[in-house]
Structure formats: C-alpha cells, structure tokens
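Trainee: I would like to take a close look at a single part of this model, and I would be grateful for one connected account of it rather than a list.

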Amino acid sequence: MVQIRRLQEEGVDIIAIIGEIDASSSIELDLTIAKSVGEGFHRILVDCTALEYISSAGLGVFMSYIEEFKDKKIHMVLFGLKDKVANTFSILGLAELLHICPTKQEAKQLLNELSV
Amino acid sequence: MSYQFSIGCSLGNLKGIREFVRTSLRAHRVPEVEMSAVVLALDEMCSNLMIHAHHCNPNHQLGLRIEVPTEGTLIFEIIDEGNQFDINAFATPELGNLIHEKRKGGLGIRLVKAIMDNVEYLQRDGKNVCRLTKTIHAS
C-alpha cells in the first residue's frame, strides 16, 4: 500500500513516500523518520511527489516530531505535494506548521537557509 | 441513487472503503478536491470506529451506505453494532495542544468536522447509524 525509500544526498536524508498513508501504514512513516533521526541526520527532505493520499494518521506522525525537531535542531522540508494531498494539510492548518515547498530544488534551498 | 458496502473492522480494509466511496461517487461529477475530502472524512470515521469501538476485530462488521438524493447532496451512513463512538462528544482538540503532547491522534475529528456539513447519530433496527451530510457546490 505504501513504499518508503530513503537515499542520501550531500548529508541530506531524503525520504520518498510512494502510495497511500492511512491508519494501517502510518507506522512505516513513523519508523522511517525515527530511523533517520536515530542515524543522526539533521536535514531531512520528504519527497511527496508520489504520495497519493494521506489521512490524519500520517499527518499526526509529522506533527508528533515538531517539538523534538525544534529541540534537536533538526530541519525537515516536504516537497512535491499533489493538490489533493496539499488540501488535507491546509484543512488542518498544518501548512503553516510544517515547511512545504513545491519543488525539490526549492526545498533544498530552504533546508540550507534553515540550517545556517 | 444509493450504494451499499459491508466490511470487517481491520485497518487493512480502509483502502477498500476509500475505493467504494470513489467508485460510488464517480457517476455524480464530484470535483476532485471535494471527492478527496469526503473520501478522507469517511476513512477517518471508519478508522476511528474500527480502533475505538471495535478494537480492530475483523469479525465485527461496518456497513456503509451512500445516498445521493439530488445531485450535489451526499449522505453517508456508517452502520455498526456495539458501543457508540460519538465524535460530537469530543471537543475538537487545539493544534497547539496536539503538538505539545506529541499526540498522533485527534486530528481526524478536526478533519471530519471541517469537511462535513453535519454529523449526526441515530438508532435504526437496534444498530448505531452515524450519518454525515455534505453539500457539493457546482464548480
């Protein structure tokens, strides 16, 4: 139902979500982010270009890291959200709480600015 | 027009619920963003029921019924037996509190209340019926 892939570019951990995240699959997203943090990454990009659907279970995973990231000075930027997915974030007002960019290039740039 | 579906209380079945909603509404020209929103609201309601009222017991059944009495009016019913899980009994949690408490739940209720025009509960034939109503404005 969901595939999550990780790859590293210039010290940035890129997490790509492919498919749908709901209450049955959100644990995989949670474990992947926890692994990235556990491995000591301070810059994380989340590639949402192939994310077809996300429910509150998945949104809750992103939200649950907000404070921890602030404490540990970890920065995370999401990019490539389809309109239908972006709409879910904006209904909840999460678009203001998380860093979201249209493209990977812009997301990388924002990540660099945040990390200074 | 009305559409019916019945499924066991396993979170792995949420995908089937989303497909049922999309397939049923396909003929009713629901715009993409609204379609995604109502699919999401049904997923949230059913996952809440499966987890909190049925403890993900796959032998417990949820019934779904979609009625489109007139174009633009969508009525969704979720029918189950057992303890009623009434989202109106829960205060909509503040986002700030959810972040502070690192809670992964509570967002679904906010979503359902934001997406649907009305959420009501009734009893029919000894079963719980949760009825969600949504009016789609012509695009």
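In which crossing, left-handed or right-handed, does α4(A) pass α2(B)?

Mentor: Bear in mind that this is a predicted model, with scores of ipTM 0.87 and pTM 0.90; for chain B the mean pLDDT is 89, and 93% of the residues of that chain reach 70 or more. The crossing in which α4(A) passes α2(B) is right-handed. Helix α4 of chain A comprises residues 83–91, and it packs against α2(B) at an angle of about 55 degrees, the two axes lying 9 Å apart. An angle of 55 degrees falls outside the ranges that count as roughly parallel (under 35), roughly antiparallel (over 145) or roughly perpendicular (65 to 115), and the two helices α4(A) and α2(B) are therefore oblique to each other.

As for the residues that meet there, α4(A) brings Asp83(A), Lys84(A), Asn87(A) and Thr88(A), while α2(B) brings Glu32(B), Val33(B), Ser36(B), Ala37(B) and Leu40(B). Sorted by class, this contact of α4(A) with α2(B) holds 3 nonpolar, 3 polar and 3 charged residues.

This helix pair belongs to a wider meeting of the chains, in which 22 residues of chain A are in contact with 25 residues of chain B. On the side of chain A that touches chain B, at least two residues come from each of α2 (56–64), α3 (66–72) and α4 of chain A, and α2(A) gives the most, with 7 residues. By class, that side of chain A has 9 nonpolar, 8 polar and 5 charged residues.

It remains to place α2(B) within its own chain. The sheet of chain B is open and has 5 strands in the order β1-β2-β3-β5-β4, with antiparallel pairing; its edge strands, each pairing on one side only, are β1 (2–8) and β4 (118–124) of chain B. On average, and with direction ignored, neighbouring strands of this sheet are turned by 20 degrees against each other. Helix α2 of chain B, residues 32–53, packs on this sheet, where it touches β2 (61–67), β3 and β5 of chain B, and its direction makes about 15 degrees with that of β3(B). Two of the strands touched by α2(B), namely β3(B) and β5(B), pair with each other: β3 (residues 73–80) and β5 (residues 127–135) of chain B run in the antiparallel sense over 8 bridges, and Phe76(B) stands opposite Leu132(B) in β5(B). Helix α2(B) thus packs on the sheet of its own chain and also packs with α4(A).

Conventions. Residues are numbered from 1 along each chain as its sequence is written. Chains are lettered from A and ligands numbered from 1 in the order in which they are written. This is a predicted model: local features need pLDDT of at least 70, side-chain atom pairs count only at pLDDT 80 or more; totals for chains, interfaces and linings use all residues. pLDDT is the predictor's confidence in each residue, from 0 to 100. Two strands pair if DSSP finds at least two bridges between them. Helices (H or I, at least four residues) and strands (E, at least two) are DSSP runs, numbered from the N terminus. Axes are lines fitted to C-alpha atoms, for helices over the stretch in contact, and angles run from 0 to 180 degrees between N-to-C directions. Two residues are in contact if their C-beta atoms, placed from the backbone, lie within 7 Å. A crossing is left-handed if the near helix is turned anticlockwise from the far one by less than a right angle, and right-handed if clockwise. Ala, Val, Leu, Ile, Met, Phe, Trp, Tyr, Cys and Pro count as nonpolar, Asp, Glu, Lys and Arg as charged, and the others, Gly among them, as polar.
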